[in-house]
Amino acid sequence: MLIETAVRQLRESVGEQFFRTDQEALIAHSYDGTPMLQALPDGVIYPGSTEQVSEIMQIASSHRIPVITRGSGSNLCGGTVPLQGGIVMVMHRMNKIIEVDMENLTAAVQPGVITGQFITHVEELGLFYPPDPSSMKISTIGGNIAECSGGLRGLKYGTTKDYVLGLTAVLADGSVLRTGGKLTKDVAGYDLTKLLVGSEGTLAIITEAVLKLIPQPKTKKTMVAMYKDIYGAARTVSKIIKNQIIPATLEILDNPTIRVVDDFAKIGLPLDMAAILIIEQDGEPEVVERDIEQIQLICREEQADRIEVAADRKEAEKLLTARRSAFTALARLRPTTILEDATVPRSKIADMILRTNAIAKKYNVNIATFGHAGDGNLHPTATTDARDHEEVHRVEAAFAEIFAAAIELGGTITGEHGVGVVKAPYLEWKVGEAGVEVMRGIKSAFDPLNILNPDKMFAKETKKRVVMQRG
Amino acid sequence: MRCGFCLPACPTFSETGVEPASPRGRIALMKAAVDGLMVPDQQFQDQMNLCLGCRACEPACPADVKYGQLIEQTKEAMEEHATHSLPVKAIRRMVFKHIFPKHGRLKLLGGALSLYQKSAVKKAVQSTGVMKLLPKQLSEIEAILPAASSKGVVERLGTFFPAKGEPLARVALFRGCIMDIIFADTNVNTVELLSAAGFEVYIPEGQVCCGALYAHSGEMGDARKLAAVNIDTFKQLNVDYIVSNAGGCGALLVEYDHLMQEDFKYRDSAKWFASRVIDVSTLVVEKGRIPNFAQPESSVQAGKIKVTYQDSCHLRNVMKGSDAPRILMKQIANAEFVEMSEADRCCGSAGIYNIVQPEMAGFILEHKMEHANKTQASYMLTSNPGCLLQMKAGIGKHPPDHPMRAMHIVDFLHERMAGSE
Ligand SMILES: Cc1cc2nc3c(=O)[nH]c(=O)nc-3n(C[C@H](O)[C@H](O)[C@H](O)COP(=O)(O)OP(=O)(O)OC[C@H]3O[C@@H](n4cnc5c(N)ncnc54)[C@H](O)[C@@H]3O)c2cc1C
Ligand code: SF4
Ligand code: SF4
């Protein structure tokens with residue numbers, strides 16, 4: 001519960017209507033995209049400017065109120081669930097594209113801008129902002145930065161971190177920090193910009209960002225290759241890169257996913273295939289032609305059973321449908337869908353998929369895998385039913401083993417969804433004890449009172465996965 | 001699932017920007033109410049009532065969450081413990097209990113309305129300002145209502161109309177209640193269009209209101225009673241298709257199987273019924289011989305006339321019939337179809353939403369007209385009487401900078417069909 005004075009001060013800082021403590025507001029901010037997690041905040045606040053955020057943080061730190069920053073709440077790691085109560089700070093009102101600088105090819109935006117709208121805006125100006133999380137229709141730039149989101153174009157173009165040049169952020173005590181700027185080169189001190197990217201709202205609140213834009217690629221070409229042997233698909237991925245071709249998109253779907261997708265989208269995928277690869281290249285027309293030719297050659301060498309190249313954009317869209325509908329198709333199977341994100345070096349993709357399938361079998365749960373083959377970022381996705389506690393337990397156990405397998409293969413516990421509360425118990429597996437200690441030190445340098453998104457990133461104990469039943 | 005993909009599709013979320021006014025938020029509130037985590041207080045009910053029921057959230061949802069059914073059940077539960085504010089209560093009583101259930105009564109009203117409209121009384125009433133005493137929204141609606149008629153489609157055409165040329169299928173027209181009174185011409189035109197496209201058209205007299213307005217307000221019992229009558233009536237005819245020309249009605253008709261799923265007696269025939277329901281445009285495009293459409297001689301202008309289209313939410317999101325009207329509009333010689341941006345967004349009409357939620361409906365309409373204006377179209381076509389009235393109101397309230405007329409797509413096509421003969 002918030003004390004009276006805090007409530008009064010918060011109301012004064014943003015105005016009556018932008019601070020709410022009614023049950024409707026509390027319930028609607030007690031969850032995010034993560035299945036099976038829910039906790040009620042004590043209040044919900046909608047700041048309109050950096051100054052207001054700063055004022056709110058001064059009030060919050062003087063009363064030691066936890067603050068959970070929220071974009072659209074589309075994250076899948078429990079990142080915005082207010083585990084200790086406190087106030088959820090919704091960034092939706094700060095949604096302006098402040099400028100697009102055509103000379104420096106940068107954009108300045110507020111954190112509440114919806115990613116998809118931002119992308120459309122810059123594309124209309126003939127520019128390109130590559131990070132494209134599949135949730136871009138709904139996610140915010142602030143959320144993308146805080147999670148360091150990636151997407152289908154990560155292999156060639158990198159992820160959010162490669163496009164953030166500067167930030168304005170409010171620290172826990174309300175002071176305003178500015179990092180970076182429109183500069184390409186800047187080595188004055190530690191790189192605080194990069195540190196804040198991916199910090200999941202635990203270090204500071206991002207209130208403005210300067211983003212890098214690049215010229216739009218001239219053309220695009222899309223193709224699909226289907227394999228009876230999953231190692232053939234995996235070798236194709238490695239060989240493409242070894243031949244120094246970096247496709248814009250290089251996605252993989254495993255057999256369980258192919259079955260579900262075809263059943264849903266009826267696009268005539270062969271059900272006996274072990275895996276399919278969806279490949280897209282963009283750039284100068286001659287280069288695109290040449291690369292796609294060469295990729296086809298490699299696919300054939302690796303015994304691809306069938307290869308299809310889209311003749312035009314319309315056909316390309318049809319091919320991409322398979323990848324896009326993977327999540328949708330899986331989500332319709334059972335009431336609860338748990339979309340995870342384990343990442344391995346791309347040479348280990350086939351091993352990882354096969355191990356995932358074996359683990360799913362061992363625990364008798366349904367897990368299908370698809371993901372970004374080019375960068376090794378896989379999404380093993382379980383379809384289950386949250387009401388069946390016993391089964392959910394088995395799913396949890398299976399995922400623990402999947403993460404362990406990823407680490408064993410030289411990978412990591414999350415490639416783009418973040419740590420939040422869901423992966424917190426596994427963080428140490430990846431970064432080691434020393435890593436966690438350094439991170440804790442950084443956390444307390446930024447937020448000594450531990451009021452910024454508490455309980456995220458750092459688990460009370462390692463390994464055991466936290467699941468709160470009430471979602 | 002709480003991915004939030006439904007948020008950008010939702011008009012009340014776009015207008016307010018707050019989570020509780022989104023589908024994901026509303027579902028969370030419903031769930032909290034069911035779980036006992038919150039009491040369904042006035043605020044809860046207001047939030048549920050703010051939902052347009054446009055169901056744009058459904059196609060946007062990757063997990064196929066049946067939002068429409070959730071909100072229907074919630075409203076049904078709310079209705080059981082309802083305490084409405086006075087004007088709403090009065091409107092509802094009038095609309096639900098006394099007008100819609102019986103077609104006869106409706107016709108009477110149509111007659112009375114047309115008398116009223118024609119008579120000098122109307123002028124007198126309007127000049128004395130009695131209309132101003134009525135809730136503002138009602139008087140606005142009164143102003144845009146077309147001439148009502150006591151002669152419905154059956155009175156004008158009888159109960160059967162043959163196909164032109166070799167018959168392709170037997171179809172039955174669902175004439176609707178409002179449609180048949182204030183848009184009886186559209187019903188007549190629908191029959192003639194169907195006939196020209198090669199269908200034998202039956203118009204069963206025993207049919208009643210589809211029940212949508214009841215269902216959307218949580219009065220499920222009444223909705224089921226009406227459905228039973230309609231199912232019995234159409235079942236006797238053994239037709240291939242049941243044609244709707246109003247998206248709002250059609251959407252409930254295609255879901256009669258869901259509505260009646262607990263009724264053992266009607267379950268199978270409800271499935272029979274639901275599987276045959278189709279929108280007039282979809283039927284003509286997919287199963288008919290598309291007639292030639294050209295501009296009527298009288299209004300030939302230099303160059304093409306521009307036509308745009310406002311989707312009926314229920315036709316689009318529930319009946320999945322958003323392609324066919326566009327295909328038809330592109331068939332018209334001398335006309336150019338211009339897509340209006342956000343045509344797939346609810347216009348704010350949504351049953352009696354514009355009466356009970358005037359403020360939100362007003363915001364939505366204002367945005368809609370901004371987009372309409374940008375198309376520079378001279379015709380705004382729709383597929384649902386509610387949307388048609390709303391677009392007429394919109395043109396009146398926020399006049400585009402060029403002449404624009406709202407019309408039902410069937411009327412528009414019919415006019416061109418006659419012109420081509
Ligand atoms: C179906 C689906 C598909 C997805 N696909 C992808 C994908 O392809 N790639 C990917 O990377 N992710 C994906 N995600 C995960 C998610 O969409 C991303 O993590 C996204 O960046 C979250 O954005 P958001 O605005 O919803 O942020 P939220 O979920 O609201 O917040 C995410 C985190 O950021 C913090 N935060 C938000 N705003 C700020 C701010 N202004 N300052 C500081 N901290 C802040 C929050 O505290 C929280 O820790 C997907 C999610 C779903 C449901
Ligand atoms: S039915 Fe329409 S208004 Fe209601 S929640 Fe869905 S999209 Fe929003
Ligand atoms: S209703 Fe569908 S789209 Fe909306 S949050 Fe739930 S799963 Fe996502």
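How do the residues of the shell around ligand 2 divide into nonpolar, polar and charged? The points below start there. Note that this is a predicted model.

1. Ligand 2, shell make-up. The shell divides into nine nonpolar residues, one polar and two charged. Cysteines in it include Cys10(B), Cys51(B), Cys54(B) and Cys57(B). Pro11(B), Pro23(B), Leu52(B), Ala56(B) and Tyr67(B) also surround the ligand. Gly53(B) is there too, together with Arg26(B) and Arg55(B).

2. Ligand 2, its space. The space that ligand 2 takes is the second largest cavity.

3. Ligand 3. Its shell has nine nonpolar, one polar and two charged residues. Met1(B), Arg2(B), Cys3(B), Gly4(B), Phe5(B) and Cys6(B) are part of the surroundings. So are Arg24(B) and Ile27(B). Cys61(B), Pro62(B), Ala63(B) and Val65(B) complete the list.

4. Largest core. The largest nonpolar core has 90 residues. Leu194(B), Tyr256(B), Phe273(B) and Leu381(B) have the most contacts inside it. Helix H15 of chain B, residues 220–235, gives the largest share of this core, with seven residues. In soluble globular proteins, nonpolar side chains tend to be buried together.

5. Tyr256(B). Neighbours within four places in sequence are left aside here. Tyr256(B) is then in contact with Cys209(B), Cys210(B), Ala227(B), Asn230(B) and Ile231(B). Tyr256(B) also touches Ala270(B), Phe273(B) and Ala274(B). Phe273(B) is itself listed with Tyr256(B) among the residues with the most contacts inside the largest core.

6. A separate core. Apart from the largest core lies another, of 51 residues. Among its members are Leu155(A), Ile349(A), Ile359(A) and Val365(A).

7. Ser54(A). This serine lies in helix H3 of chain A, residues 50–63. Its relative accessible area is 10%, so Ser54(A) is buried. Beyond its neighbours within four places in sequence, Ser54(A) is in contact with Val170(A), Gly174(A) and Val176(A).

8. Leu105(A). Phi is near 50 degrees here, a positive value in a residue other than glycine. Leu105(A) sits in the loop between strand S5 (97–101) and strand S6 (106–109) of chain A. Is Leu105(A) buried or exposed, or partly exposed? Leu105(A) counts as partly exposed because its relative accessibility is 25%, and buried means under 20%.

9. Cys148(A). This residue also has a positive phi, of about 50 degrees, although it is not a glycine. Cys148(A) is in the loop between helix H5 (141–147) and helix H6 (154–157) of chain A. At 16% relative accessibility, Cys148(A) counts as buried.

Key
Residues are numbered from 1 along each chain as its sequence is written. Chains are lettered from A and ligands numbered from 1 in the order in which they are written. This is a predicted model: local features need pLDDT of at least 70, side-chain atom pairs count only at pLDDT 80 or more; totals for chains, interfaces and linings use all residues. Side-chain values use heavy atoms; hydrogens and water are left out. Helices (H or I, at least four residues) and strands (E, at least two) are DSSP runs, numbered from the N terminus. Buried means under 20% relative accessible area, exposed over 50%, partly exposed in between (1.4 Å probe, protein chains only). Contact means heavy atoms within 4.5 Å. A residue is near a molecule or strand if one of its heavy atoms lies within 4 Å of it. Ala, Val, Leu, Ile, Met, Phe, Trp, Tyr, Cys and Pro count as nonpolar, Asp, Glu, Lys and Arg as charged, and the others, Gly among them, as polar. A nonpolar core is a set of buried Ala, Val, Leu, Ile, Met, Phe, Trp, Tyr and Cys residues joined through side-chain atoms within 4.5 Å. On a 1 Å grid over the protein atoms alone, a cavity is a set of points where a 1.4 Å probe fits but cannot get out, and a pocket is an open set with protein on both sides within 12 Å along at least five of seven lines; lining residues have an atom within 4 Å of a point. A molecule sits in a cavity or pocket if more than half of its atoms lie within 2 Å of its grid points.
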